[in-house]
Amino acid sequence: MSGSGGPAGAVVEAAPADSGPTPDDWAAAESLLRGLPADARVLLICHVNPDGDALGSMLGFGLGLRSLGVRRMQATFPGPPEVPEPLRGLPGLDLLVPATEAYPDPELVICFDAASESRLGELVDRLDTAGAALVLDHHASNTRFGGVNLVDPRAAATSVVAEQLLARLGVVLDAPIAECLYVALTTDTGSFRFEATTPAVHQLAARLLATGIRPGDISRRVFDTRPFGAVRLFGEALGRARLEPAAAGGRGFVWTWAGLDDLARHGQRPYVLEALIDSVRCTAEADVSCVVKQTTPAEWAVSLRSKGGVDVSRVAVALGGGGHRFAAGFTGGGTVEEVVDRIRGQLDAAVISAAD
Ligand code: AMP
Ligand code: MN
Ligand code: MN
């Protein structure tokens, strides 16, 4: 405990839950990486169904480690080894291997953007088989499942934490590293629109842009390009959206859904549905928005968003998932109506009161 050398009788207070890594945490992470033997195998893992922050922070960090001379390194994520089309232009994709080929017992495992072990899917055993486990994340709900945990709930993205660690290690940002971290930062800040967009976020963005990366090209590729079939599929899904103005204590709830047969009819892959929530959450009459996406005949992945009146991470956690206060998710079985009923049952309790 860092305060153990203090004056006799001094009360050592636990750090508040939302404070970031302590100096000891940073030092421990640095020494893990600086102390790596030259031939050490390093395994990078990000969360299942990776988004721009998961892949971007992992690959950007991996490229940074490579620039320091780490040679035996793999990056991976659980489930099918399919990178969503919008992220297929990311630098560093050559680091990726399917989960089935990931080192079974690496000297070091580093986890990115995963709030809990469950987000590592079948790769969770590496936490036990690896020589050491380092966690980089920004979810307030993070369970600190690594031996060393760099978790900063105030950080807008995991890439913010990743960049800080790279800087401490002396990595010089080049354009490929910067592009990965920029994709991560823009993904989790909604292109600098969300509340987490602090002056420090813009200062980081400025450092990344100074490497010469092209924000217009990157944004068009990552956020503003989708197949025509997906445009039509969005039209159908938005056409059946329901608005429930009285839900969530009168703050309003809007939701829609998309099934596997919708994807098949339009010839689309599941990842195209990730952007659907951004069209639904525009609804002026609702604080809470939701998209229910079928992932298997018996399972649905649910995205929840709030404009600030409801803590949707409480809803998600109560239903077996997690996330941030205003952007959260969970997976569940049953019919769409049953899934939505379960959400309705949690909304009132998650309304943020003046006392919160
Ligand atoms: P999404 O709606 O998939 O963009 O996810 C929004 C937020 O909720 C992200 O921070 C995710 O990490 C988190 N999240 C989504 N699904 C789950 C889940 N099944 N379990 C835990 N956290 C989740
Ligand atoms: Mn993520
Ligand atoms: Mn994130």
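**Exercise 1. An aromatic pair across the chain**

Determine whether Phe 61 is buried or exposed in this predicted model, and describe the aromatic pair that Phe 61 and Phe 112 form.

*Solution.* Begin with accessibility: Phe 61 has a relative accessible area of 0% and is therefore buried, given that buried means under 20%. Phe 112 likewise has a relative accessible area of 0% and is buried. The count of aromatic pairs comes to three. One of them joins Phe 61 and Phe 112, whose rings lie 5.7 Å apart centre to centre with 55° between the planes, an arrangement classed as tilted. Because Phe 61 lies in helix α2 and Phe 112 in strand β3 (residues 108-112), this pair ties together parts that are 51 residues apart in sequence.

Continue with Trp 257 and Trp 300, which form an edge-to-face pair at 6.5 Å centre to centre and 80° between the planes. Trp 257 belongs to strand β7 (residues 253-258) and Trp 300 to strand β9 (residues 299-306), so the pair ties together parts that are 43 residues apart in sequence. As to burial, Trp 257 is partly exposed at 25% relative accessibility, whereas Trp 300 is buried with a relative accessible area of 6%.

**Exercise 2. The nonpolar cores**

Identify which residues have the most contacts inside the largest nonpolar core, and list what Leu 134 touches.

*Solution.* The largest nonpolar core has 55 residues, and those with the most contacts inside it are Leu 33, Leu 55, Phe 61, Ile 110, Leu 134, Leu 136 and Leu 165. Taking Leu 134 from this list, and leaving out residues up to four places away in sequence, one finds that Leu 134 touches Ala 29, Leu 32, Leu 33, Leu 108, Val 109, Ile 110, Cys 111, Val 148, Leu 150 and Leu 165. Another core, of 24 residues, lies apart from the largest one and includes Ala 247, Cys 290, Ala 316 and Val 339.

**Exercise 3. A β-α-β unit**

Work out how strands β1 and β2 are joined and which handedness the unit containing them has.

*Solution.* Strand β1 (residues 42-46) runs parallel to β2, and four bridges join the two strands. Within this pairing, the bridge partner of Leu 43 is Gln 74 in β2. Adding helix α2 (residues 52-67) between the strands' names completes the description, since β1, α2 and β2 make a right-handed β-α-β unit. Both faces of β2 (residues 73-76) are covered, with Met 73 and Ala 75 buried on one side and Gln 74 and Thr 76 buried on the other.

**Exercise 4. The manganese ions**

State which residues coordinate the manganese ion (ligand 2), and which residue coordinates both this ion and the manganese ion (ligand 3).

*Solution.* The manganese ion (ligand 2) is coordinated by His 47 through NE2 and by Asp 51 and Asp 113 through OD atoms, at 2.1 to 2.3 Å. In sequence these donor residues are spaced H-x3-D-x61-D. The manganese ion (ligand 3) is 3.8 Å from the manganese ion (ligand 2), and Asp 113 coordinates both. Of the donors, His 47 counts as buried at 3% relative accessibility, while Asp 51 counts as partly exposed at 27%.

**Exercise 5. Surroundings of a buried glutamate**

Establish where Glu 179 is found and what Glu 179 touches.

*Solution.* Glu 179 is found in helix α5 (residues 175-188) and counts as buried at 15% relative accessibility. Not counting residues up to four places away in sequence, Glu 179 touches Gly 89, Pro 91, Ile 213, Ile 218 and Arg 221. The C-alpha atoms of Glu 179 and Gly 92 are separated by 9.9 Å, although these residues are 87 residues apart along the chain.

Notes
Residues are numbered from 1 along each chain as its sequence is written. Chains are lettered from A and ligands numbered from 1 in the order in which they are written. This is a predicted model: local features need pLDDT of at least 70, side-chain atom pairs count only at pLDDT 80 or more; totals for chains, interfaces and linings use all residues. Side-chain values use heavy atoms; hydrogens and water are left out. A nonpolar core is a set of buried Ala, Val, Leu, Ile, Met, Phe, Trp, Tyr and Cys residues joined through side-chain atoms within 4.5 Å. Buried means under 20% relative accessible area, exposed over 50%, partly exposed in between (1.4 Å probe, protein chains only). Contact means heavy atoms within 4.5 Å. Donors are N, O and S atoms within 2.8 Å of the metal (3.2 Å for Na, K and Ca); water is not among the atoms, so sites may look incomplete. Two strands pair if DSSP finds at least two bridges between them. A crossover is right-handed if, with the strands pointing away from the viewer, the path from the first strand over the helix to the second runs clockwise. Rings of Phe, Tyr and Trp (its six-membered ring) pair if their centres lie within 6.5 Å; planes under 30 degrees apart count as stacked, over 60 as edge-to-face and the rest as tilted.
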